[in-house]
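Open the model in your viewer and keep the selection panel at hand. The stops below say what to select next and what is there.

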2 protein chains.
Amino acid sequence: MAVTIKDVAQLAGVSPSTVSRTCKDHPSISEETKEKVRQAMQKLGYEPNFQASNLASQNSRTIGIVLPPSARETYENSFYLEAIRGISSFCNQKQYINTVVTGNTEEELLSVIKTMSRSGQVDGFIVLYSKQDDIVINHLYNEGFLYVLIGKAYQNINQTIYIDNDNILAAQEATEHLIKQGHKKIAYLGGDNSLMFSADRRAGYQLALTINGITINPKYCQELPFKQKDQIKAIKELLTSDERPSAIVVCDDILAFTLEDICEELKLSIPEDIAIVSFNNSLIAKLATPKLTSIDVNSYQLGIESASQMINHIENPNLMATKIIVPHHLEVRESSVFHREEKEESATF
Amino acid sequence: MAVTIKDVAQLAGVSPSTVSRTCKDHPSISEETKEKVRQAMQKLGYEPNFQASNLASQNSRTIGIVLPPSARETYENSFYLEAIRGISSFCNQKQYINTVVTGNTEEELLSVIKTMSRSGQVDGFIVLYSKQDDIVINHLYNEGFLYVLIGKAYQNINQTIYIDNDNILAAQEATEHLIKQGHKKIAYLGGDNSLMFSADRRAGYQLALTINGITINPKYCQELPFKQKDQIKAIKELLTSDERPSAIVVCDDILAFTLEDICEELKLSIPEDIAIVSFNNSLIAKLATPKLTSIDVNSYQLGIESASQMINHIENPNLMATKIIVPHHLEVRESSVFHREEKEESATF
DNA sequence: TGAATCAGTGCAAACGTTTGCGCAAAAATC
DNA sequence: GATTTTTGCGCAAACGTTTGCACTGATTCA
C-alpha cells in the first residue's frame, strides 16, 4: 500500500491536518513545522492521493478535450495534436489530468459529455473547434457547465471564454501581403463557413480588399464543398474562367496543396501565374513544391492558453469570461513571392 | 449538489449498498429490487460519482497516454492522433478516462510519469512508441507498473504487453510487391533503427530479398540521419550512384514525399525509373504526385486494441502479457505500378 | 493582573462510494 | 415441525483527503 498522509503525520509527529495544510502551504502552520513535515514527506516519498483529494475537495482536476466530430481527414491536420500537446503540457505542470473525448457524430459526443459532466469526471471542457449551432456547445452553455472554446464564440459571446487567433487580422495580412506584391485579382478559398475560423478568414480577406480599394468579386470568394472531387471541380472552374485570379488566399495548407496540384495540371506556374498564401504552416506547407507561404497560428500555444484559462476558471469560479488572442505570424515562402532567395529558415526545416 | 447514491436509495426505499450493487449488476440482488432501483436512478438522473467510486475501489479508471519525446515534426505524423482517438473512443465507452502526457525530453516525461503513478492518477500507461533503452519504458518495467507498448517490445518481451503490426511481414509484402513488378535492385530507407518499427521494417525488407534470392546490397539499406538536410544529401547520393536502385521501400510517407521531390529534381520519373512503396497511408500519400503506394497500419485500431488490453489487464491483474497483432494492408497507388488506371477508391479520396 | 487577542495545532466530520459481514426471512432438507 | 441452507438485503467500516471549529499557550492591551 502506498504511503498516506497518516504515515507522514506519524513520522513528523504531527496530525494529518497539519500535513495537508503543509502541502497547500497554508499560512497558519509555522515554518518550523512545515520543514519537519516536508522532511518526512521527502523521506517517505509521499505523493498525495489524487482520488481522495478530489473527493474531499469536490472537484476532479480533470479537463475534457473535445475533438470535432468529423471525417478522418480532418484529423490529419496537425492543429489538433499540437493543441492537445499544449493542453497536456500545461496540465502536467499543474497536476491536472486531461481526457480527450471523440466521437463520430455530434450525438455520440454529446452523450459522452453528458455522463462525464454528471459523474464529475471533469471540471470543464476545452472544445477544439467553434461552430454555429453546434449541439455540444449549446448543451454546455445551457447547462451552465464550464467550457472554453478554441476559436471565436458564435453566440453568447460575452459569456463564453474563448482562445483564438485574430483570424480576421491574419487573413487581412495574408491578403495585404499579396496586394503588396501587386496583385489585385485575389480570390479566397474557404471551407465550411459555419466554422468560425473559416468565416473570420473570409471576413479578413474582404476587409483587406475594401481597405485597399479593391472591389469584391463574389465569384472570387468561395465556400468550397466538403468532397474533394467537388472541390477540385470548383477550383478548376475558377482557374479556367475568364477572370482568373492572380492570387489566392486559402484557408488551409492541405487545400492549398491540392490547389498547387491543380495549377500544375493546368500549366499555371506558382507564384508567377497564381500566388498562394494559406494557413496553419504545417509540415505540408514546407514540403510542397513550391513551398507554401502560410500563416502560423501557434496551435501549441492555443492549447497552453486554453488550459491556463480553464484552470484559472476552475479555481476561481467567479472570474469574468475573458478572451485571449494568440498571435499568428506570416511565414513567407516561395508560393507568394517571385525570385525568392532560398532562406536559411526554410532550409533548416 | 448532484444526486447521490443516498437519494436514489431513499427514493427506491432500499439501502445505499443495494443501489451500488444494482449498478454493478450484482447477482445477490433480486431482479425485482434492481428494477425498482433502476427506476429511481432513471427518475433522478443519477450518475455515480467518479472520484468517490475510485477512492473506494482503489483505482483511478484512468489511462495515461505517453507521446514520444520528440521534435515537433514527429507529431505531424497523423499516426499519433489516430492512435489517441482510438484509445479515447474505447475509454469513453468503458467509462474510463485517459490523459496524454508529453514532454520535450525523456527526463521531463519521466518525472511526470513518476508523480502520476505514485499519486494514483493513472492505473497504467499506454506508450505510443517502442524504443531501445528508453528510460521511460525501463522505469515502468522496473517499477512493475502496468503499461502497454504500441510497437514491438525490445526487451522483457515475454513480460510486456504490446500491440503492434507485423511490421516484418508488412515490409516483406511491400518489398515483394516491388519484386513482382520485376524489380531486383531494391533499396530501403529507414529512420532511427532504435525505434522498433523501423528496425522491423528493415528486417522484413531483407527477408523478402533473401527469400527471393536477391543478394542484399548494404548500400541499399540505409538508416537515414535525423536532419532533413542530411537526409536529402544521402538520398541524392544513392540516386546518383552507379548502382542506382530501381525501387525503394521507405519507412514513412513523409520521407517518401521528400524522395519524390528529389526524384523530380533529378529528372527521375516515378514509377518508371524509381518505384516507391511507403508506410502509414496518410493523407500525404494520397495527395502526393504521383500518389504513393503505402501500407496502412490501422493506427486507430492500434489505439482501440491497446486500450482494450489495458482495461482488461487493469480489471484482471493476473492476466498473461499477451501480444496483439493488428493487420495492415497495402494500398496500391501510382508510385509503384506502371500505367495504373485511376481507381475509384483513390478518386473518392 | 485580568481580559482579550492571536498564532499554531489537532479533532472529527465530511466527501460518495464499495464491500465484508451479519442477520433476517424464505426455502430446502430431514 | 425442527434444523439447516439459501436468498436478499442492510450496517458500518473503510478509502485518503480537506476543512470548520475548538482548544491551548503565548502575547498584547488596558
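In what order do the six strands of the open sheet in chain A lie? The order is β7-β6-β8-β9-β10-β12, and the pairing is mixed; two strands pair if DSSP finds at least two bridges between them. Helices (H or I, at least four residues) and strands (E, at least two) are DSSP runs, numbered from the N terminus.

This is a predicted model, in which local features need pLDDT of at least 70, side-chain atom pairs count only at pLDDT 80 or more, and totals for chains, interfaces and linings use all residues. Residues are numbered from 1 along each chain as its sequence is written, chains are lettered from A and ligands numbered from 1 in the order in which they are written, and side-chain values use heavy atoms, with hydrogens and water left out.

**The sheet of chain A**

Select β7 (221–223) and β12 (329–331) of chain A: these are the edge strands, each pairing on one side only. Next take β10 (residues 293–296) of chain A, which runs antiparallel to β12(A) and is joined to it by three bridges. Within this pair, A:Ser294 stands opposite A:Glu331.

Now add helix α11 (residues 253–265) of chain A, which packs on the sheet and touches β6, β8, β9 (275–279) and β10 of chain A (contact means heavy atoms within 4.5 Å). The direction of α11 makes about 155° with that of β9(A); axes are lines fitted to C-alpha atoms, for helices over the stretch in contact, and angles run from 0 to 180 degrees between N-to-C directions. Helix α10 (residues 228–240) of chain A lies across β6 (186–190), β7 and β8 (247–250), at about 175° to β6(A).

**DNA strand D**

Select the 26 residues around DNA strand D, that is, those with a heavy atom within 4 Å of it. A:Ser20, A:Lys24, B:Thr18, B:Arg21 and B:Thr33 come nearest. Sugar and phosphate account for 62% of the strand's atoms that come within 4 Å of the protein.

Then pick out A:Tyr46, where an N or O atom of the side chain is 3.0 Å from a phosphate oxygen of DNA strand D. At A:Asn49, a polar backbone atom is 3.2 Å from a phosphate oxygen of that strand.

**Both chains**

Show chains A and B together. A rotation of 180° with 0.0 Å of shift along its axis superposes chain A on chain B (RMSD 0.0 Å), by least squares on the C-alpha atoms of residues with pLDDT of at least 70 in both. The two copies are thus related as by a two-fold rotation axis. End at A:Thr99, whose C-alpha comes closest to the axis among the residues of chain A, at 2.4 Å.

Technical notes:
Polar contact = N/O pair within 3.5 Å; in protein donor to acceptor, adjacent residues only side chain to side chain.
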